[in-house]
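Work through the exercises below with the sequence and the 3D structure at hand, and try each task before you read its solution.

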Amino acid sequence: MSEKSYTELMKLGAMKRNRKENFVQDLYIDMLLSEIQLTVEKEKLLRKIDLAIDHRDKKSFIHLSGQLKEINKRFGT
């Protein structure tokens, strides 16, 4: 039977905690990046929609509005 010393057990416990903390941190970073991506995409589309309205371009407006709906569905907003 292989018995581990107190120091080894403490190191293993610390490594497990670090992995959990890293996972949570990576998850948070992914969520943050997704939110930034969504915000940037929406802002670009909204600017294009505004331009389509200014130029009275109904076809572009309808197309861009559809894209905005898809983004909202994809990100659940």
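Three exercises on this predicted model follow, each with a worked solution.

**Exercise 1.** Find out whether the span of helix α1 agrees or disagrees with the span expected from its residues.

*Solution.* Begin with the extent of the helix: α1 covers residues 6-54, which makes 49 residues. The expected span is 1.5 Å times one less than the number of residues, and therefore α1 should span 72 Å. Finally, turn to the end C-alpha atoms, which are 72 Å apart, so that the two values agree.

**Exercise 2.** Determine which residues of α1 are buried and what helps to cover them, and then look for a nonpolar patch on the surface.

*Solution.* In α1, the buried residues include Leu-38, Leu-45, Ile-49 and Ala-52, and α2 is among the elements that cover the buried residues of this helix. On the surface, Tyr-28, Ile-29, Leu-32, Leu-33, Ile-36 and Val-40 form a nonpolar patch, whose accessible area together is about 560 Å². One of these patch residues, Leu-33, lies in helix α1.

**Exercise 3.** Decide for Arg-56 and for Ser-65 whether each is buried or exposed, and describe the setting of each.

*Solution.* Arg-56 sits in the loop between α1 and α2. Its relative accessibility is 78%, and because exposed means over 50%, Arg-56 counts as exposed. Most residues other than glycine have a negative phi. Arg-56, although not a glycine, has a positive phi of about 55°.

Ser-65 belongs to helix α2, residues 58-75. Its relative accessibility is 19%, and because buried means under 20%, Ser-65 counts as buried. A polar atom of the Ser-65 side chain lies 2.8 Å from the backbone oxygen of Phe-61.

Terms used: Residues numbered from 1 in each chain as written. Predicted model: local features only at pLDDT ≥ 70, side-chain atom pairs only at ≥ 80, totals over all residues. Heavy atoms only, no water. Helix = DSSP H or I, 4+ residues; strand = E, 2+ residues; numbered from the N terminus. Buried < 20%, exposed > 50% of the residue type's maximum accessible area, 1.4 Å probe, protein only. Polar contact = N/O pair within 3.5 Å; in protein donor to acceptor, adjacent residues only side chain to side chain. Contact = heavy atoms within 4.5 Å. Patch = residues over 30% accessible without salt bridge, like charges linked within 9 Å, V, L, I, M, F, W, Y side chains within 5 Å. Areas by Shrake-Rupley, 256 points an atom, 1.4 Å probe, with all protein chains shown as cover. Salt bridge = Lys/Arg side-chain N within 4 Å of Asp/Glu carboxyl O.
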